[in-house]
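Biologist: I would like to learn how to read strands, loops and cysteines in a protein model. Could you take me through one, step by step?

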Amino acid sequence: MLEKLIWNIRLWAVLAAGFGVAWLVNRKKNASIRIDSENLAVATTSVRKSKQKRALTILYGSQTGKGKLFAEILKTRVEELGFTADVTDVASYDHEKLLQAEAEEGKICVFIVSTYTDGQPPGGAQWFYTWLEDLAEDFRVTKATLAGLNYAVVGLGNSLYSEHFNTVAKNIDSWLHTLSANRVLPLCLADENVINSKNKGLREDFDAWLLSSIKNLTRALKGRQVTAKNCEDACTKQCSCKKDGGGDVGDGGRCSSDEEADGQEVMSDESDDEPSPAAKPDIMDLEDLGKLMKESKNQNLANGTAGGQGDGPREMITPLLRESLEKQGYQLIGSHSGVKLCRWTKSMLRGRGGCYKHTFYGIESHRCMETTPSLACANKCVFCWRHHTNPVGTEWKWKMDDAETVFNGAVNNHIKLIKQFKGVPGVLPEKFEEALIIKHCALSLVGEPIMYPEINKFVELLHGKQISSFLVTNAQFPQEIRDLLPVTQLYVSVDAATKESLKKIDRPLFKDFWQRFIDSLTALRDKGQRTVYRLTLVKAWNTEELDNYAKLVSLGNPDFIEVKGVTYCGESKASTLTMENVPWHEEVVKFVNELVDRLPDYEIASEHEHSNCLLVAHKKFKQNGQWWTWIDYSKFHQLWQRYQQSGGQESFESADYVAPTPAWAVFGAIEQGFDPSEKRFYRKKGQKS
């Protein structure tokens with residue numbers, strides 16, 4: 001009986017334990033189901049949230065307005081696709097408050113920014129740039145600060161400034177990545193240098209990037225997860241972030257070379273709505289494709305077919321540049337030249353006075369053609385009166401028009417512009433008829449005419465038509481100065497007297513700009529014809545270097561020194577100059593007097609008060625108390641013909657074709673350089689014109 005009872009107890013205990021275990025297992029299973037259901041609900045909500053349309057903010061930082069232009073283009077394209085976009089100047093963007101808010105909301109920000117002098121951002125973007133750098137490099141700031149922000153960066157630069165090409169865009173891209181922002185589109189490094197640009201220009205590079213990116217941008221705007229692959233996943237391991245030293249990009253940063261658009265993929269969380277075509281069996285590996293494209297690009301550059309277009313060297317004038325120059329009144333010739341009427345040509349057509357060259361050297365301003373065979377320049381001077389709309393370059397790599405084409409185009413377009421003044425009120429009939437026969441050519445319109453490979457042929461064509469030549473160079477091409485055939489008068493711009501101030505004012509492209517500058521001055525000394533230093537005074541920039549200017553004069557021993565106060569051409573986003581930087585005529589006179597005190601072989605010979613300009617001449621041009629700064633143009637052409645006929649053996653010097661300077665043009669005369677045979681015109685009472 002007792003054994004049966006014990007057996008029953010054991011049985012019930014086993015059953016109870018079994019029920020207990022079953023209950024516990026069932027409870028845990030239910031709890032797991034509930035947790036999975038909750039996680040599924042959260043995940044579903046998250047996916048649904050990520051699939052919501054995202055807002056796009058386009059932030060631009062620009063010095064000349066191109067950044068804003070491209071921002072507006074992107075905005076228009078996005079709106080055409082049915083999305084909304086806001087364009088904001090980064091200078092007015094409250095980045096400390098709004099950028100993190102945009103990150104929390106998962107918004108998309110596209111940054112369009114240019115690189116300015118010495119790799120710095122435009123003035124309006126400086127604060128944002130510094131703030132972002134501090135945020136990325138401060139060890140106390142969490143690197144997840146911008147997690148959730150979706151971004152893309154477009155850089156606007158010029159590869160001729162190789163050390164700083166798109167530095168600002170590369171750094172912004174790297175810093176955003178460091179702060180855990182998600183890069184949705186490849187970094188765009190648009191290049192203003194048409195030779196190295198993949199698509200023949202800044203605008204063309206941007207358009208190509210937009211075309212290749214719009215599909216993935218649309219995905220991102222729809223709320224899909226889109227991520228541009230990291231450099232180590234996609235590029236050819238030849239970009240700056242893979243090189244020793246790391247460049248501007250930190251370890252592990254995204255690709256900051258200009259090749260990543262060819263080699264990078266974009267990963268998306270799902271495929272397009274349309275089915276993808278079946279993969280073909282002979283698809284090349286992505287890395288091999290990147291290498292192949294880079295090799296092809298280098299080969300095209302070597303062959304003069306940059307960009308793989310197979311159409312020879314590229315044209316200097318891009319469509320965007322053409323539009324800008326034509327808006328300024330240029331008559332463009334071929335692919336790299338231009339002509340434009342000078343204001344003094346128009347003035348003398350009306351009998352209202354001539355330019356300073358009329359006063360100093362006796363040219364007839366209404367018969368002067370202002371042109372250039374090369375719109376490109378090797379500097380980006382702060383006082384550039386063309387607001388840096390012309391291209392830049394250090395050597396000729398563009399498609400070249402022959403000298404006859406350029407010459408005929410310049411003459412025909414100039415005459416066409418002159419003919420527009422026929423019958424215009426105030427234009428003197430006799431002056432109009434004279435103007436139809438060009439007698440002088442100022443090769444100083446814009447750019448660097450001496451860069452043109454056929455500049456000597458162009459000069460021959462001018463002199464062959466009895467047209468005098470006044471050629472201006474920016475002192476960066478000493479060998480071209482040595483090789484130049486005799487011109488009527490050769491100018492070298494001396495914009496500063498020290499290496500530091502020249503870099504600050506001229507912003508040259510050449511790394512050895514100072515040595516080139518010095519060599520250009522010494523090359524001028526060996527030219528037999530008339531030579532001129534041209535000094536442009538910019539108050540608070542280069543007016544305190546008198547001793548150094550005097551030393552530079554001893555290098556080139558020029559016949560003349562023109563000293564002119566800088567002309568304020570209106571507000572320009574490419575320059576910080578204001579009217580405060582323009583010296584008064586009295587200040588220019590004071591500077592010149594102090595300069596001449598340091599130059600025992602020179603005196604002030606003439607002035608043109610209206611142009612705020614003075615002429616300092618070597619004393620050899622003063623004979624028996626009379627200045628001979630004017631030019632005997634007929635004698636010059638006779639000397640040139642003999643030089644040509646002798647194969648260059650019968651040379652001539654500046655003293656061989658001088659003419660006396662009239663009394664009204666001499667410094668100290670009451671006319672202050674205004675020709676009394678002309679009629680002074682006043683726009684308003686008491687205000688000279």
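Here we look at one strand, the loop after the strand, and then the cysteines.

Modeller: Before we start, keep in mind that this is a predicted model.

Biologist: Thanks! How many residues of strand E4 are buried?

Modeller: The idea is to compare each residue's relative accessible area with a cut-off, and buried means under 20%. In E4, eight of the eight residues are buried, so the strand is largely enclosed by the rest of the structure. You can also follow the two directions: Asn150, Ala152, Val154 and Leu156 point one way, while Tyr151, Val153, Gly155 and Gly157 point the other way.

Biologist: Which strands pair with E4, and in what sense?

Modeller: To read pairing, we look for bridges between two strands. Strand E3, residues 108–114, pairs with E4 in the parallel sense over seven bridges, and Ile108 stands opposite Asn150 there. Strand E5, residues 182–183, is also parallel to E4, with two bridges; here Asn150 stands opposite Asn182. Then there is strand E6, residues 188–191, which pairs with E4 in the parallel sense over four bridges. In that pair, Gly155 stands opposite Leu189.

Biologist: Which helices make β-α-β units with E4?

Modeller: Here you follow the path from one strand over a helix to another strand, and note its handedness. E3, helix H4 (residues 126–137) and E4 make a right-handed unit. E4, H5 and E5 make a right-handed β-α-β unit too.

Biologist: Now the loop, please. Where is Asn166, and is this residue buried or exposed?

Modeller: Asn166 sits in the loop between strand E4 (150–157) and helix H5 (167–178). Its relative accessible area is 0%, so Asn166 is buried.

Biologist: Which residues is Asn166 in contact with, beyond its neighbours in sequence?

Modeller: Leaving aside neighbours within four places in sequence, Asn166 is in contact with Thr115, Gly155, Leu156, Gly157, Leu189 and Ala190.

Biologist: Last topic: how many disulfides does the structure hold?

Modeller: For a disulfide, two cysteine sulfur atoms must lie within 2.5 Å. The structure holds zero disulfides.

Biologist: Why is there no bond between Cys613 and Cys355?

Modeller: Cys355 has the closest cysteine sulfur to that of Cys613, but the distance is 9.8 Å, so they are too far apart for a bond. As for accessibility, Cys613 is buried, with a relative accessible area of 1%. Cys109 counts as buried as well, at 0% relative accessibility.

Note on methods: Residues are numbered from 1 along each chain as its sequence is written. This is a predicted model: local features need pLDDT of at least 70, side-chain atom pairs count only at pLDDT 80 or more; totals for chains, interfaces and linings use all residues. Side-chain values use heavy atoms; hydrogens and water are left out. Buried means under 20% relative accessible area, exposed over 50%, partly exposed in between (1.4 Å probe, protein chains only). Contact means heavy atoms within 4.5 Å.
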